[in-house]
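Biologist: Please go through this model with me and set each term against its definition.

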Amino acid sequence: MRSWKAYKEHAWLRDEVTPITGKPVDTFGGWGATLVDSLDTLYIMGLREEFSLAVEAVSNNISFETTEAKTINVFETTIRFLGGLLGAYDLSGDTRLLSKAQDVGDMLYKAFDTPNHLPVTRWDIHAAARGEPQTAHGNTLLAELGSLTMEFSRLSILTGNPKYYDAVQHISELLAAAQAKTKVPGLWPIVVDASHEEFDLGSDYGLSGMADSAYEYLPKMAALFGQSTGIYADMYLRSMEASNKHLFFRPMTPKADDILFPGSLHASLSDNHVSTNLDPSAGHLTCFVGGMLALGGRVMSNKTHVEWADKFTKGCIWAYSSFERGVMPETMSLTPCSSRYDCQWSNSSWHGAILSTQSISTGAEGAVKVVEEQRLPPSFTKIPDARYILRPEAVESVFVMYRVTGDPSWQDEAWRMWTAIDKMTHTELANTAVWNVNPKPGEDAGKADSMESFWLGETLKYLYLIFSEPELVSLDDWVFNTEAHPFRRLKK
Ligand code: DMJ
């Protein structure tokens, strides 16, 4: 309520409120990102008066016909605006929301008006309005291409118009055709060429930002359609098989925790032979993996995936608890175990990993100095980005694990995360992103005066649901898009 009130009082109808200075900012086209992202959160929390007021504001004041922004991010507009409107409609049945969803869907559909019908993902909407010819980009991020399926499919189901589904199904078919042909069969490169429909040429692979939700949407599409087989289930199973082989790693920790993280990979081809190099780095964004595997494991009756999910989710809990203030950073590099099955702590291996990660040529004393100066917790070899920007992925996976297992110890973990997050990010008005989750004792985390719409749309919603009855937005009936907007699942 504090965060919502701050938005209402200081940035109503704008994209975000700055949570320290109380100023409005437009970061996503100026169409009220926080307003739209918060709709279903208000509904789920039973704040029905606030919900009615918000629906009225969206219906009367938000128009997708104009924007001051030069370019539109099609992915962000899809997951936040189209997803937010569809989720709120699916929950409430208020047809004003479906009609707005169709408005934004029709606008976004024009981004597919290219020679090969693949979307321009960073889109000059003004040029499009002038009727100028447009082509999909040569360098397109996998996540921005592969994470439109849920929203466009749901829009087709709800409106009865198949054109939105056709547009995204075309992308999925191209991805399916390329999946076995890449340098790391089963995975797609993080950057693909949408202009020439070449999805198999890049050399960098991983499940982190820029690729993440393309993988997440595979089991979620199967869940949305009530399927446990088919194109999405197949792509999901193949991609996780390859991830298990090439990306998953166990970090070496003092307590020999049996946890996992997804690293990233550079693959190079010479003499018809592909060599790969695992980078044992991860970050807050990769914490969605636990939730994805738990959901995929349940939908496809795959016990192994649920076991992996447990290890990935515990990995992020471990990362949170590795820091004195109890919150993990945006990105980090870790010391990998040489075997996933037996891994004992060794100080000298950790120090050696620090020296090689940071390309330092001094001996062991050099590493000790780095640990001290950079305040590296055990196993961490580098913290390239120490911010916490109110992201949801860690609590999102805890939520799915709690719903899938019913084990209340996940609630305890969520409570620890929540209290640490609130303590670090609390402002007089709301909550803010911080610059450094790992400050020296007595120092502040450095408040960044920013509160992205996913704080209300995702992080607080997942936390609320962890402490609610499991019937509230049951995962048997609903599937969340990557911005935590619940869509009703079709039954088999
Ligand atoms: C959200 O917009 C979505 O969860 C997206 O998939 C990743 N980034 C943010 C939250 O961190």
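Biologist: Why is Thr-482 called buried?

Modeller: Thr-482 has a relative accessible area of 13%. Buried means under 20%, exposed means over 50%, and partly exposed lies in between, with a 1.4 Å probe and protein chains only. Thr-482 is therefore classed as buried. The model is a predicted one, in which local features need pLDDT of at least 70 and side-chain atom pairs count only at pLDDT 80 or more, while totals for chains, interfaces and linings use all residues. Residues are numbered from 1 along each chain as its sequence is written, and side-chain values use heavy atoms, with hydrogens and water left out.

Biologist: What does the record say about Thr-482, and where is Thr-482 found?

Modeller: UniProt, in an unreviewed entry, places the feature "binding site" at Thr-482. Its positions are given in the numbering used here, feature names are shortened, and annotations may be inferred rather than shown by experiment. Thr-482 sits in the loop between strand E15 (478-480) and strand E16 (486-488). Helices (H or I, at least four residues) and strands (E, at least two) are DSSP runs numbered from the N terminus.

Biologist: What makes the pair of side chains of Thr-482 and Glu-216 a polar contact?

Modeller: The two side chains come to 2.9 Å. A polar contact is a pair of N or O atoms within 3.5 Å; within protein, one must be able to donate a hydrogen and the other to accept it, and residues adjacent in sequence count only if both atoms are side-chain atoms. The value of 2.9 Å is within that limit, so the pair qualifies. Under the broader term contact (heavy atoms within 4.5 Å), Thr-482 touches Phe-75, Ile-79, Ser-213, Glu-216, Tyr-217 and Glu-458, leaving out residues up to four places away in sequence.

Biologist: Which residues have the most contacts inside the largest nonpolar core, and which helix gives the most to this core?

Modeller: The core has 161 residues, and those with the most contacts inside it are Leu-39, Leu-85, Tyr-215, Phe-261 and Leu-293. Helix H4 (residues 74-92) gives the most to this core, with 10 residues. A nonpolar core is a set of buried Ala, Val, Leu, Ile, Met, Phe, Trp, Tyr and Cys residues joined through side-chain atoms within 4.5 Å. Beyond its neighbours within four places in sequence, Phe-261 has contacts that include Leu-247, Phe-312, Trp-318 and Leu-334.

Biologist: Why are E12 and E13 said to pair?

Modeller: Two strands pair if DSSP finds at least two bridges between them. E12 and strand E13 (residues 331-334) have three bridges in the antiparallel sense, so the condition is met. Among the partners, Gly-283 is bridged to Thr-331 and Ser-281 to Ser-333. E13 and E14 are also antiparallel and joined by three bridges, including Leu-334 with Phe-380.

Biologist: Why do E12 and E14 stand at the edges?

Modeller: The order in this open sheet of three strands is E12-E13-E14. Strand E12 (281-283) and strand E14 (380-385) each have a single partner strand, so one side of each lacks a neighbour in the sheet. The twist averages 25° from one strand to the next.

Biologist: Leu-390 and Ser-301: which is buried, and which is exposed?

Modeller: Leu-390, at 0% relative accessibility, counts as buried, whereas Ser-301, at 69%, is exposed. Leu-390 has a positive phi of about 70° although it is not a glycine, and phi of Ser-301 is near 45°. Leu-390 is in the loop between E14 and helix H16 (393-405); Ser-301 is in the loop between helix H12 (288-299) and helix H13 (303-321).

Conventions: Axes are lines fitted to C-alpha atoms, for helices over the stretch in contact, and angles run from 0 to 180 degrees between N-to-C directions.
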